[in-house]
Amino acid sequence: MKQLLTAKKHLFTRIAIGFGLGILFGILLPEFSIQVKFIGDIYLNLIQMMIIPIIFVAVSTGIINIGSSSDLGRIGLKSIVVFVAMFITTAAISLVISYLIRPGQRINIDAVGYDGEVTDPSFADFFMNIVPSNLFQAISEGDILATILFTLIFSVAIVVVGKEADPVRTFINSLSKVIFKILDFIMELTPIGIISLMAFAVAEYGAGIFSALGLYIFTAYFACIIVFILVMLIPAWLYSKRSPIDFIKGIYKVWLVSLSTTSSAVTMPTTMRVTRNDFKVSESITNFVVPLGTTINMAGGAVSFSLLAVFVSDFYDIPLGVGQIIYLVIIATILNMAAPGIPGGGIVLGASFLTLLNLPIELMGPIAAIYRLLDMAYTTMNVTGDAAAAVLIDKSEEKRALKLKARKS
């Protein structure tokens, strides 16, 4: 047991070492790095195998252990408000930065087309997909939104039923411990998986990939840094009184995983662990806010869509009016709720987004070629936003509890 605890303690050190080794392998042994990518794929498959079970037990335990139905409604509303405010603010900042730098006006690339299948999604189709006609089919297909919807309804029903549902509540709490123990076993393989994934990324794309769309990549990363400071770091500092240094010391552990895997869903266990252990957010808030945020809180998606729209419109000299920009933000908010939280999922969403805005999709070809580099930044913003939201909501609940205590006394 002592050895297991020691291994857990040094997990993030081993992840950091794996991150560095992966870069070295990609530079020094590119062919070998591409051949052993299957190791990273196996690691991702193991994590993805756990996503649906984790979401079910994490969201359900977060709800059923919150307390009363009034607590549940209050925290749920706070979560939605924080997520939407974070997304809209991020989109606004990203649009301003994109229009200041205007990468689409300063570089010229040959559009190579986009090979993926692009559909023109409607609002009706989007909401129809949230409510599945067959729950088990949705779960087997890894439909995260449908799983969360059922889990929310199921968990709220447990809270409303009350004491008669105690056996179900006990079972879910026990199941949660088993699921997360399995996840602990898998997490021990993270350094190996990260070596493979980072080695492949460096070997496949190399430093030369930055030359073609360098300004686009720079704009994306610059926007993410500004968003991190203004939307996440400063609010967490001012409202929760958590020093920026302490926040960065905790969140960098999440960044190591998100930068390597480019998957919010795969990073979710690490985000939850850091939020709970490093930021001292209550377990019920962590289990409710972080999994929910993994699906619907996409600050990185706001950066991605804002930059993409400005880039394509400038490249083809298609000006966007104020009404189109407002529509852009609304569409981006809805589409990001459907983001699968897996590497590369934003490519098809980006093409669908351009289609909805009646913009050409040909540039998705060259963008798709460097999307992993972009997705490293976008995913990191997504998971950072989840942790920051949990910190803010937990502090809000703490202040509320103090006020109630003061009134009673």
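The side chain of Thr-90 is where I shall begin: one of its polar atoms lies 2.7 Å from the backbone oxygen of Met-86. I should say at once that we are looking at a predicted model. Thr-90 sits in helix α5, which covers residues 69-101. Is this threonine buried or exposed? Its relative accessibility is 0%, so Thr-90 counts as buried. If we set aside the neighbours within four places in sequence, Thr-90 is in contact with Val-227, Val-231, Ala-299, Ala-302 and Val-303. Please also note Cys-224: in sequence, 134 residues separate Thr-90 from Cys-224, while their C-alpha atoms are 8.7 Å apart in space.

Let me now place this residue in the whole chain. The protein chain has 21 helices and zero strands. Of its 409 residues, 52% count as buried. Among contacts in the chain with a separation of 6 or more, 85% are between residues 24 or more positions apart.

I turn next to a pair of helices, α13 and α14. Helix α13 spans residues 214-240 and helix α14 spans residues 244-261; their axes come within 10 Å and cross at roughly 125°. The crossing angle therefore makes α13 oblique to α14. As for handedness, α13 passes α14 in a right-handed crossing. Which residues meet here? From α13 come Phe-228, Leu-233, Ala-236 and Trp-237, and from α14 come Pro-244, Phe-247, Ile-248 and Trp-255. Sorted by class, this contact has eight nonpolar residues, with no polar and no charged ones.

Trp-255, which belongs to helix α14, deserves a further word. Apart from residues up to four places away in sequence, Trp-255 touches Phe-228, Thr-380 and Thr-384. With Thr-384 there is a polar contact between the two side chains, at 2.8 Å. Val-383 is another residue to mark on the display: Trp-255 and Val-383 are 128 residues apart in sequence, yet 8.2 Å apart in space from C-alpha to C-alpha.

Staying with α13, we come to Ser-240, which is found in that helix. Why is Ser-240 counted as buried? The reason is its relative accessibility of 12%, since buried means under 20%. The side chain of Ser-240 reaches the backbone oxygen of Ala-236 at 2.2 Å. Beyond residues up to four places away in sequence, Ser-240 touches Pro-235, Val-391 and Lys-395.

A third residue whose side chain reaches a backbone oxygen is Thr-275; its partner is Thr-271, at 2.6 Å. Thr-275 lies in helix α15, residues 264-277. With a relative accessible area of 0%, Thr-275 is buried. Its contacts, leaving aside neighbours within four places in sequence, are with Lys-280, Val-281, Thr-286, Val-290, Ala-387 and Ala-390.

The second helix pair I wish to show is α17 with α21. Helix α17, residues 299-315, and helix α21, residues 371-408, pack at an angle of about 135°, and their axes are 6 Å apart. At that angle, α17 is oblique to α21. On the α17 side, the contact is made by Ala-299, Gly-300, Gly-301, Val-303, Ser-304 and Leu-307; on the α21 side, by Tyr-371, Tyr-378, Met-381 and Asn-382. By class, these residues are six nonpolar and four polar, with no charged residue. Two of the names connect with my opening, for Ala-299 and Val-303 are among the residues in contact with Thr-90.

Finally, I draw attention to backbone geometry in two loops. Most residues other than glycine have a negative phi. Where does Lys-280 lie? Lys-280 is in the loop between α15 and α16, the latter being residues 283-296. Its phi is near 60°, a positive value in a residue other than glycine. Lys-280 counts as exposed, with 63% relative accessibility, and it is one of the contacts of buried Thr-275.

Asp-317 also has a positive phi, of about 55°, although it is not a glycine. Asp-317 is located in the loop between α17 and α18, where α18 is residues 322-336. At 66% relative accessibility, Asp-317 counts as exposed.

Note on methods
Residues are numbered from 1 along each chain as its sequence is written. This is a predicted model: local features need pLDDT of at least 70, side-chain atom pairs count only at pLDDT 80 or more; totals for chains, interfaces and linings use all residues. Side-chain values use heavy atoms; hydrogens and water are left out. Axes are lines fitted to C-alpha atoms, for helices over the stretch in contact, and angles run from 0 to 180 degrees between N-to-C directions. Helices (H or I, at least four residues) and strands (E, at least two) are DSSP runs, numbered from the N terminus. Angles under 35 degrees count as roughly parallel, over 145 as roughly antiparallel, 65 to 115 as roughly perpendicular and the rest as oblique. A crossing is left-handed if the near helix is turned anticlockwise from the far one by less than a right angle, and right-handed if clockwise. Contact means heavy atoms within 4.5 Å. Ala, Val, Leu, Ile, Met, Phe, Trp, Tyr, Cys and Pro count as nonpolar, Asp, Glu, Lys and Arg as charged, and the others, Gly among them, as polar. Buried means under 20% relative accessible area, exposed over 50%, partly exposed in between (1.4 Å probe, protein chains only). A polar contact is a pair of N or O atoms within 3.5 Å; within protein, one must be able to donate a hydrogen and the other to accept it, and residues adjacent in sequence count only if both atoms are side-chain atoms.
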